[in-house]
Amino acid sequence: MHLFKSDREKGLDSFEVKHRREHFGPNMLTAKKKQNPLVRFLLQFHQPLVYILLAASIITLVLGEYIDSAVIFAVIFVNAIVGFLQESKAIEALEALSKSLKTESTVIRSGVKTGIGSEEIVPGDIVLLKSGDKVPADMRLLYARDLKIDESVLTGESLPIEKRTSVLGDGVILAERHNMAYSSTLVTYGQGTGLVVGTGDRTEVGKISELLNRVESIDTPLTQKISHFSHILLYVILGMAVITFAVGLLRGQDPVEMFLAAVALAVGAIPEGLPAALTIILAIGVSRMAKRNAIIRKPPAVETLGSTMVICTDKTGTITENQMTVTSIVAGGSSYEVTGTGYKPEGKIMSGPEKADPLRNAAMKETLTAGLLCNDSTLSYEGERWDIKGDPTEGALLVSYAKSGLPEEPAEAKARRDTIPFESEYQYMATLHESSGGAMLSYAKGAVEVMLEKCSAVMNADGSTSPLDKNEVIAGVESLAGRGLRVLGFAKKEFPSSQTSLDHEDLADGMVFLGIQAMFDPPRKEAIEAIKACHSAGIRVKMITGDHAITAKAIADLINLDCSGSACVHDTVTGSELAMMTDEEIKRILDERAVFARVTPEQKLRLVEALQATGNVAAMTGDGVNDAPALKQANIGISMGITGTEVAKEAADMVLTDDNFATIVAAVEEGRAVFDNIKKFIVWTLPTNLGEGLVILAAIMAGVALPVLPIHVLWINMSTALLLGLMLAFEIKEPGLMNRKPRDPEQPLLTPYLLVRIVLVASLMLGGAFGFYEWALQNDFSMEQARTTAVNVFVVIEILYLFNSRSLKKPLREIGFFSNPSVFLGSGIMLVLQLLFTYAGPVNVIFQTAPIPAWFWGVIVAYSLVVYGVVNIHKRFSKD
């Protein structure tokens, strides 16, 4: 108080508030500067392949080839527009998802309680907290009555923390600072008063935000591979162009003609359609993911998921429901299991394989009734989901009672007359009720050992009582606690009708022990299946949480988090142990362990960095503020849309609108399919580019006129890329897609097997186009007819090779001949356009083409079928 020059009773005066607001600023995190739309649009041109196309466009413009230049630039511009619109759409979706609600806080200023906007709070303010409040700033608690705060967004702790005002020693970790309340956390129970010690960027949330800003975004595996591939392609194209120019000069040909030939070769070798194809294939993946409840902020993130090797997942709210659920009841000498998860009151109380009847076990009935009546929370259905207002533990008790089928209002007890609220000092809560018989009944719940000290008898199944065997009860409790369950004991005591109030002395002894209820935050069913699918796909899953080690281990056991490797076990590594480890030790422990508990935000970030340092493509899931730095550092960050904080969403690459971990598996599958289709497109398009370059190079070497002109090359490249190649984006997922191991990040985009395929097809295109061109000239065809023939050879081979490329390894019959109708539509339109290219007079003038005899088509198709057969043979006898 002295340090902040504040008064506990009066707070700050208006003059001091104004001075501090001017000094410290508003109680808000420094907003991240948004990228200007123009900058986002211009960044669409920041790709190596686009640079090559821009250079080609400028050179052709300088040389007076205006149509060529315009077509190339149009391709670049359309690609930029598609990318910009897709990114803008993601930003708009996130803004619609975001709920920017203005919170109010109660403070004491000049001795008066005042309601103000949370952004107006300054250090030194005295803030009053009550159940349901969002803590507006970091504060040292001065008063706490039954105060519990949900800190899961900050620490990952699944249960609300009991707060006290006692002084703590040095070195206490954030999750165990019980005399502090932190910004962005939620008061679930009780009341409190705090002195504001940190606002805005000076809060723990602010520190995480600052840490987040220091984390540099990294390129995705796809962008890295495309960038590397583009640079190699650039060198190859320039090399071929230089060779073409040099050979022409050595043969004594005109330098200007040779320069134009080199430009033609460069234009031919550049896959003009690749940038647009990449953008559109990724956009289709984004669209598919949106239909499956995932917003992709940047399209390459779709593919990144497909290459993910390790998923680092938070526990609370990601793997688990973030809804406490009673799973076991022990009463009247019998044990019961409770089905159903979360706050949805659907499920049964089972005794073995049969549904239990509470009316046949008075002790169980009374245990459930105690959980209902000794309770200050409410269960409600809001916005198509069940939710709890109050303490999650009490919510779990309300749901377990609802599952029993007992009346909503027990007949045995009527109105509540008095309450002993829960206090950490006493570790229990009790209520006093009128009974239907006229006497007064008190029900109590709390720590089992506290309840046992107050009881001398235990209720049996028939309603009678017998001496209490405390050791037997404790043994059962230890067994449940060892499974990571939170166990509560229940007891009752009768009083005469004259008893109208209740205090601790009334319940010091003479109570009857009713039974226990054990609960925990259960794993999502879909998360269990999702993790199983990850294992099948060769993806390792690590749980990195701020929660307790025992709880984390119990959840890991339930969901079979352990990877298939014999070295990966569920022994938990704690944050304090990580703090003592070197970077090399952390890398080793990540190979051996799957569960990390009581981990700080800095340690989460360190774990992700260690995984990446060992060559892993790491994904990180989470919803809390504490997850944000690791979300940004990971190759792909995945945030929850419903329970996720705005900080987490901003840091993530993908936001799950249904908070469903299973959506991640769908994203992984979609990502693998996207990468497959991108690779199919590249393997399909590069033989044409290489073949065109080789045809031009061969013509220069042979000293003959070019078989295809630059404008022909652009026609082939752009029309086929749009109508043929892009149809591969609609290919269905191949069988066994999720049974493959993750791709090796070091593996090149094109393997030796695929490079052989590309060179093979390009050579066949060279032979066909150049051969038919020369044959046409030797048979008195005009130059225009010969060139038209060469163009048609390229196009028809591409159409049939498109069907080869629908699977890079499997024959067409295994993936289904008609499974992708788009390829038939695209091929049909392409054939119609090619007929116009060949026979339409105005088109002949523009492209310098001429009609060819109908029988010549038969020869071209026959040769193309040979190419189709050769590729099928390569599939059959070659190994990747």
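Across the whole of this structure, which is a predicted model, a search finds 20 aromatic pairs. One of them joins phenylalanine 41 and phenylalanine 77, whose ring centres are 5.9 Å apart and whose planes stand at 75°, so the pair is edge-to-face. This pair links distant parts of the chain, since phenylalanine 41 belongs to helix H2 (residues 37-43) and phenylalanine 77 to helix H4 (residues 66-97), with their positions 36 residues apart in the numbering. Phenylalanine 77 also takes part in an aromatic pair with phenylalanine 73, and here the arrangement is stacked, with 6.3 Å from centre to centre and 25° between the planes. Because phenylalanine 73 and phenylalanine 77 are 4 residues apart in helix H4, about one helical turn separates them.

The surroundings of these three rings can be described by their accessibility. Phenylalanine 41 has a relative accessible area of 17% and is therefore buried. Phenylalanine 77, at 36% relative accessibility, counts as partly exposed, and phenylalanine 73, with a relative accessible area of 39%, is partly exposed as well.

Elsewhere in the model, one aromatic cluster is formed by Phe772, Trp775, Phe781, Trp855, Phe856 and Tyr863. Aromatic rings also appear beneath charged side chains, and the table sets out two such arrangements.

| Charged residue | Ring | Distance from charged end to ring centre |
|---|---|---|
| lysine 148 | phenylalanine 422 | 4.5 Å |
| arginine 743 | phenylalanine 675 | 3.4 Å |

In each row the charged end sits over the ring: that of lysine 148 over phenylalanine 422, and that of arginine 743 over phenylalanine 675.

A further residue to consider is aspartate 138, which has its place in strand S4 (residues 138-150). With a relative accessibility of 4%, aspartate 138 counts as buried, because the cut-off for that class is under 20%. When its neighbours within four places in sequence are left aside, aspartate 138 is in contact with Ala181, Tyr182 and Ser183, with Leu195, Val196, Val197 and Gly198, and with Arg202, Thr203 and Glu204.

The report now turns to empty space. Rolling a probe the size of a water molecule over the atoms shows where such space is left. The second largest pocket holds about 1,000 Å³ of space. Its lining consists of 43 residues, of which Leu159, Glu162, Gln427, Arg486 and His548 are the closest to the centre of the pocket. Several elements give two or more residues to this lining, among them strand S5 (161-162), helix H12 (392-404), strand S21 (486-495) and helix H16 (549-559). The element that gives the most is H14, with 4 residues. Sorted by class, the lining of the second largest pocket has 20 nonpolar, 8 polar and 15 charged residues.

As for enclosed space, a search of the whole structure finds 1 cavity of 30 Å³ or more, and about 30 Å³ of space lies in the largest cavity. The residues that line the largest cavity are Glu731, Ile732, Lys733, Glu734 and Pro735, together with Ile815 and Ser819. By class, this lining divides into 3 nonpolar, 1 polar and 3 charged residues.

Technical notes
Residues numbered from 1 in each chain as written. Predicted model: local features only at pLDDT ≥ 70, side-chain atom pairs only at ≥ 80, totals over all residues. Heavy atoms only, no water. 1 Å grid on protein atoms, 1.4 Å probe; cavity = no way out; pocket = protein on both sides within 12 Å on 5 of 7 lines; lining within 4 Å. Points joined across faces, edges and corners; volume = space filled by probe spheres on them. Nonpolar A, V, L, I, M, F, W, Y, C, P; charged D, E, K, R; others polar. Buried < 20%, exposed > 50% of the residue type's maximum accessible area, 1.4 Å probe, protein only. Contact = heavy atoms within 4.5 Å. Phe/Tyr/Trp six-rings, centres within 6.5 Å; stacked < 30°, edge-to-face > 60°. Lys NZ or Arg CZ within 6 Å of the ring centre and 35° of its normal.
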